[in-house]
Protein chains: 2
Amino acid sequence: MSAVPDLAAIEAMDAADVLRPMRDRFILPPGLIYLDGNSLGVASTAAFDELRKAATEEWGQDLIRSWNTAGWFDMPLALGDRVGRLIGAAAGQTVVCDTTSINIYKTLHAAMALRPDRSMIVSEGGSFPTDLYMAEGVVSTRPGASLRLEGVDAPEIEDLINSDVAVVLVNHVNYKSGELRDMAALTRKAHEHGALVIWDLCHTAGALPVDLDGADVDFAVGCTYKYLNGGPGAPAFIYAATRHHSDIRQPLSGWWGHARPFAFEKNYAAGEGVRRFLCGTQPILSLRALKGALDVWDTVDMAQLREKSIRLTDLFITLVEEKCGAHGLELESPRDGTKRGSQVSFSHPNSYEIMQALIARGVIGDFRAPTTMRFGFTPLYVSYADVWQAVAILEEILRTGSWQDARFAVRAAVT
Amino acid sequence: MSAVPDLAAIEAMDAADVLRPMRDRFILPPGLIYLDGNSLGVASTAAFDELRKAATEEWGQDLIRSWNTAGWFDMPLALGDRVGRLIGAAAGQTVVCDTTSINIYKTLHAAMALRPDRSMIVSEGGSFPTDLYMAEGVVSTRPGASLRLEGVDAPEIEDLINSDVAVVLVNHVNYKSGELRDMAALTRKAHEHGALVIWDLCHTAGALPVDLDGADVDFAVGCTYKYLNGGPGAPAFIYAATRHHSDIRQPLSGWWGHARPFAFEKNYAAGEGVRRFLCGTQPILSLRALKGALDVWDTVDMAQLREKSIRLTDLFITLVEEKCGAHGLELESPRDGTKRGSQVSFSHPNSYEIMQALIARGVIGDFRAPTTMRFGFTPLYVSYADVWQAVAILEEILRTGSWQDARFAVRAAVT
């Protein structure tokens with residue numbers, strides 16, 4: 001997109017948007033332009049309906065019987081398959097459980113157990129930090145293991161991959177810049193050297209299509225509370241390719257992953273397939289909200305989603321550079337939409353204050369230290385008119401300097 | 001209690017029950033006598049209110065801002081302190097997060113790191129199995145580590161404690177028989193040999209008072225969805241004595257346990273105190289239901305709770321033995337109420353079928369293979385009349401042999 005559209009053109013884009021009816025399934029707070037669905041997705045009527053049913057009918061009335069009658073016990077695998085459809089995973093390879101951090105721990109251990117003669121984990125210095133913290137945790141429990149990082153030990157991750165490497169842990173979409181990695185190419189490169197790959201899909205699942213099976217991916221993890229709209233802290237997921245299933249070993253060996261969980265045996269015996277990644281009792285209420293959120297996804301065409309995502313983010317970049325270009329904003333995301341996830345970041349020396357001023361005006365994005373303003377564009381419920389309006393408010397804040405108000409400089413505990 | 005009370009005596013007991021008003025705070029399904037609160041506690045109006053608020057107001061309207069405005073970020077420690085009050089833990093030593101299984105993994109690693117010259121974990125063959133599965137997982141990541149079990153390697157756990165032992169992992173209330181261990185004595189015995197102790201309080205928290213600080217306990221874990229009524233799969237808790245805080249190291253080192261979680265640093269740096277046991281993003285909706293459940297507990301006197309618990313379980317044993325004694329039931333729980341948690345188990349060769357028949361008649365207990373019927377008595381919402389009525393139904397089922405109906409022999413996936 002090179003020409004700068006006017007408001008009439010924006011309205012025409014919304015009118016022609018095939019995903020526009022999806023917006024009605026979400027509960028959008030009045031007066032808010034929410035560009036932070038890459039941090040916490042918006043609630044849907046379906047999610048609330050499932051949550052209400054799980055609470056009042058299942059917990060409230062059926063109580064313990066709901067493990068059978070409401071399918072609580074089957075939920076991690078049933079929901080896993082539905083997430084799987086959105087990430088190119090055939091059934092039986094995805095399970096929903098625990099947190100992304102804990103799932104990274106499990107998959108790293110599983111991958112290293114598959115490469116017992118190797119000791120190295122490779123990751124990215126620019127990774128979402130908890131991935132690295134969990135890798136440190138795994139290294140602390142495996143004598144001789146070590147961690148090498150792109151941007152610290154070598155400029156490019158590809159330069160770190162050799163025959164010492166057991167596993168490459170890498171983000172598909174960079175959380176800060178939105179830059180995409182080539183999943184198939186990096187997986188192939190790792191496999192050429194005998195290494196395995198774990199893809200972190202936190203900013204991918206529900207943001208753009210990927211083809212885990214087609215790219216021959218080994219393992220993947222990701223969260224469900226961003227683009228999938230599963231609710232705050234909704235349980236995360238793990239994908240494991242079928243070819244690895246019979247060899248999965250990981251130390252978080254709890255009851256739900258046991259081959260016979262209700263036989264109350266003294267010794268652990270791993271269950272079949274991706275069930276081996278299950279551990280303890282899952283938070284059913286949060287899982288059920290996620291079930292509702294996934295109901296919304298069942299009819300979504302991922303190619304249409306991607307097309308709208310690129311249009312939204314292209315539009316945002318074009319409008320910001322046209323209308324706010326004089327105010328020192330610099331694009332931190334790839335300009336080429338095909339190399340970008342569903343988010344756009346700009347830097348400015350006063351990003352913190354500007355973001356606070358935006359939030360005060362009802363435009364919600366987020367700040368990432370030291371100078372990044374990050375905006376997420378969730379194609380299911382963000383309109384082209386939202387983009388237009390967000391940029392108009394940003395322009396006014398920059399032009400009038402209203403972000404210099406002292407109240408916008410006060411930092412909260414969590415940003 | 002030796003004399004067998006009649007219905008008038010039962011009604012007098014309910015009329016004199018100081019905890020009776022608590023029952024009105026719970027949502028008791030009509031027609032149900034629920035003796036399975038030791039598996040999944042009943043919902044309260046307060047839990048539903050908090051859940052509704054968290055969903056519709058915080059997630060639905062305030063979205064990402066709720067991390068600050070609704071105190072989401074502070075919940076694990078805030079709720080931890082409220083659980084702490086019920087288990088004799090001064091503030092700042094308890095945190096709510098993840099699952100009991102995962103918390104066992106964390107505390108076992110932390111304890112073994114505090115005893116680096118020792119390699120042995122001691123536990124119980126009769127433990128709730130997931131405790132042992134997690135201990136196996138820890139052993140698999142620590143070269144030279146091993147696990148020895150009461151009932152397998154020695155008759156009594158005390159016989160296994162020596163100067164090779166790093167940590168004793170033990171249940172305060174046996175999940176099957178309800179038998180209590182002497183927390184202070186076993187902790188003292190472990191300490192005499194230089195070992196640490198982790199107490200599993202799954203069947204203790206909310207069932208009877210304990211004094212972790214007074215007993216000089218090192219670590220404890222437990223769930224919140226049984227007697228605490230936090231909701232299905234509600235997050236679990238960890239207690240760590242203050243004296244260990246500065247030395248806690250555990251490998252599930254995720255972002256929420258970092259000293260500066262919003263600085264996005266590349267390297268892990270453990271936060272202060274019990275926060276070190278936090279890992280990934282918690283399921284907020286489930287946490288908020290738990291917050292409501294804990295509101296109910298704020299006014300509960302634990303001594304009164306214990307007194308009613310012993311009366312309820314004594315009454316159940318007396319009535320069952322008096323009215324059903326001819327039908328081959330055998331008491332599996334301690335007869336002395338002071339040596340028993342808040343549950344009673346009986347064995348019978350046809351326990352599975354009898355329990356199914358009870359459930360069909362609206363008396364919910366549970367079955368534990370091979371021959372145990374387990375009944376939980378939750379003093380906040382179980383009445384003496386419930387006990388009377390449950391035994392009357394059990395007696396009828398045994399007397400008429402109605403449990404022999406073929407439909408009661410069909411085993412469901414989860415029992």
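In this predicted model, N171(A) counts as buried, because its relative accessibility is 4% and the limit for a buried residue is under 20%. The residue belongs to strand β5 of chain A, which covers residues 165–171. Two polar contacts of its side chain were identified. One, of 2.8 Å, is made with the side chain of E124(A); the other, of 3.1 Å, is made with the side chain of S127(A). Both of these partners also appear in the list of residues that N171(A) touches when residues up to four places away in sequence are not counted. That list further includes F128(A), D131(A), R181(A), W199(A) and D200(A).

The contact between the two chains was examined next. The size of an interface is often given as the accessible area lost when the parts come together. For chain B and chain A, the buried area is about 6700 Å², and carbon and sulfur atoms give 71% of this area. On the side of chain B, 79 residues take part, and they are in contact with 79 residues of chain A. Between the two chains, 20 residue pairs are in polar contact, counted where both residues have pLDDT of 80 or more. Salt bridges, in contrast, number zero across this interface under the rule applied.

Several helices of chain B contribute to the side that touches chain A. At least two residues each are supplied by α2 (45–62), α3 (66–69), α5 (100–114), α6 (129–141) and α8 (284–297). The largest share, nine residues, comes from α6(B). When the residues on this side of chain B are sorted by class, 46 are nonpolar, 26 are polar and seven are charged.

Chain B also contains an open sheet of four strands, arranged in the order β9-β10-β13-β12 with antiparallel pairing. The edges of the sheet are formed by β9 (330–331) and β12 (366–368) of chain B. Each of these edge strands has a single partner strand, so one side of each is left without a neighbour in the sheet. Strands of a sheet pair through backbone hydrogen bonds, either parallel or antiparallel. In the case of β9(B), the partner is strand β10 of chain B, residues 343–347, and the antiparallel pairing extends over two bridges. Within this part of the sheet, L331(B) stands opposite F346(B), a residue of β10(B).

Definitions and conventions:
Residues are numbered from 1 along each chain as its sequence is written. Chains are lettered from A and ligands numbered from 1 in the order in which they are written. This is a predicted model: local features need pLDDT of at least 70, side-chain atom pairs count only at pLDDT 80 or more; totals for chains, interfaces and linings use all residues. Side-chain values use heavy atoms; hydrogens and water are left out. Buried means under 20% relative accessible area, exposed over 50%, partly exposed in between (1.4 Å probe, protein chains only). A polar contact is a pair of N or O atoms within 3.5 Å; within protein, one must be able to donate a hydrogen and the other to accept it, and residues adjacent in sequence count only if both atoms are side-chain atoms. Contact means heavy atoms within 4.5 Å. Buried area is the accessible area (1.4 Å probe) that two parts lose on being put together, summed over both. A salt bridge is a side-chain nitrogen of Lys or Arg within 4 Å of a carboxyl oxygen of Asp or Glu. Ala, Val, Leu, Ile, Met, Phe, Trp, Tyr, Cys and Pro count as nonpolar, Asp, Glu, Lys and Arg as charged, and the others, Gly among them, as polar. Two strands pair if DSSP finds at least two bridges between them.
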